[in-house]
Amino acid sequence: MREIKAQPFPFPLRRERIALVVIDMQRDFAEPGGFGESLGNDVSRITRIIPDVARLIEGFRTAGLPVIHTMECHRADLSDLPPAKRDRGNPSLRIGDLGPMGRVLIAGEAGTAILDAVAPIHGEVVIEKPGKGAFYATPLGEILKARGIEQLVFAGVTTEVCVQTTMREANDRGYECLLCEEATESYFEEFKMAAIAMIRAQGAIVGWTAHLDDILEALTHG
Ligand code: TIU
């Protein structure tokens with residue numbers, strides 16, 4: 001068995017059982033005029049990780065391993081949007097409002113699309129999710145089960161919101177979870193660092209963390 005150099009200890013790579021999950025690399029979180037900026041965030045922090053997310057995706061594709069993408073989005077009639085989610089806070093644009101990239105976080109709108117540089121290719125699973133976690137109200141669990149996937153490598157945004165929520169959901173469902181440090185980002189540097197620290201604390205209580213080059217090295221030579 002090949003290991004990926006990771007913290008708090010090596011990750012036991014099982015190639016037949018592993019998939020990459022890329023969380024919410026959407027224009028709405030990375031470009032001006034989208035949902036992330038409407039919440040008052042500096043979205044340029046997100047753009048910076050795009051090349052590293054692309055390298056990780058390419059590593060999985062080259063190794064012939066599955067890549068799964070998620071998108072946070074809602075139906076056009078907002079039937080899957082709890083009022084508590086729409087009404088919370090004081091954003092400049094609420095989910096479903098018409099913004100410069102179409103209706104904010106609505107399936108099929110321009111702003112909801114995954115960024116071109118990390119877009120899915122033919123045959124890759126794309127999960128549309130109404131929550132922060134990718135297992136809630138989606139077929140992700142069934143899809144992973146049908147494919148015999150038991151280990152998940154995570155990338156995407158934001159580290160402490162949708163990525164960490166999904167890792168916690170996955171951990172409780174029995175998946176071994178590994179977060180790629182360079183391929184995830186938060187609007188808040190301290191939240192990214194805190195999320196990484198709390199995921200791997202207490203003997204990998206939620207999962208492992210690893211550097212991109214160490215993951216790619218194990219995929220290439222494992
Ligand atoms: N995808 C995701 O993390 N959704 C968010 O709303 N994140 C924030 O940090 N706001």
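**Exercise 1.** Does Phe 9 count as buried, partly exposed or exposed, and which relative accessibility supports the choice?

*Solution.* The structure is a predicted model, and the assignment rests on two cut-offs, since buried means under 20% relative accessible area and exposed means over 50%, with partly exposed in between. Phe 9 has a relative accessibility of 37%, so Phe 9 counts as partly exposed.

**Exercise 2.** Describe the aromatic pairs that Trp 208 forms with Phe 9 and with Phe 11, and place them in the chain.

*Solution.* Begin with the search of the whole structure, which finds five aromatic pairs. In one of them, the rings of Phe 9 and Trp 208 have centres 5.6 Å apart and planes at 85 degrees, so this pair is edge-to-face. Phe 9 lies in the loop between strands E1 and E2, whereas Trp 208 lies in strand E10, so the pair ties together parts that are 199 residues apart in sequence. Next, Trp 208 is buried, with a relative accessible area of 10%. Phe 11 and Trp 208 also form an edge-to-face pair, at 4.8 Å centre to centre and with 85 degrees between the planes. This second pair links Phe 11 in strand E2 with Trp 208 in strand E10, 197 residues apart, and Phe 11, at 0% relative accessibility, counts as buried. Finally, Phe 9, Phe 11 and Trp 208 form one aromatic cluster.

**Exercise 3.** Characterise the surroundings of Thr 166 in helix H7.

*Solution.* First, Thr 166 counts as buried, because its relative accessibility is 0%. Second, a polar atom of the Thr 166 side chain lies 2.7 Å from the backbone oxygen of Cys 162. Third, when residues up to four places away in sequence are not counted, Thr 166 touches several residues, among them Ile 23, Lys 132 and Phe 154.

How values were computed. Residues are numbered from 1 along each chain as its sequence is written. This is a predicted model: local features need pLDDT of at least 70, side-chain atom pairs count only at pLDDT 80 or more; totals for chains, interfaces and linings use all residues. Side-chain values use heavy atoms; hydrogens and water are left out. Helices (H or I, at least four residues) and strands (E, at least two) are DSSP runs, numbered from the N terminus. Buried means under 20% relative accessible area, exposed over 50%, partly exposed in between (1.4 Å probe, protein chains only). A polar contact is a pair of N or O atoms within 3.5 Å; within protein, one must be able to donate a hydrogen and the other to accept it, and residues adjacent in sequence count only if both atoms are side-chain atoms. Contact means heavy atoms within 4.5 Å. Rings of Phe, Tyr and Trp (its six-membered ring) pair if their centres lie within 6.5 Å; planes under 30 degrees apart count as stacked, over 60 as edge-to-face and the rest as tilted.
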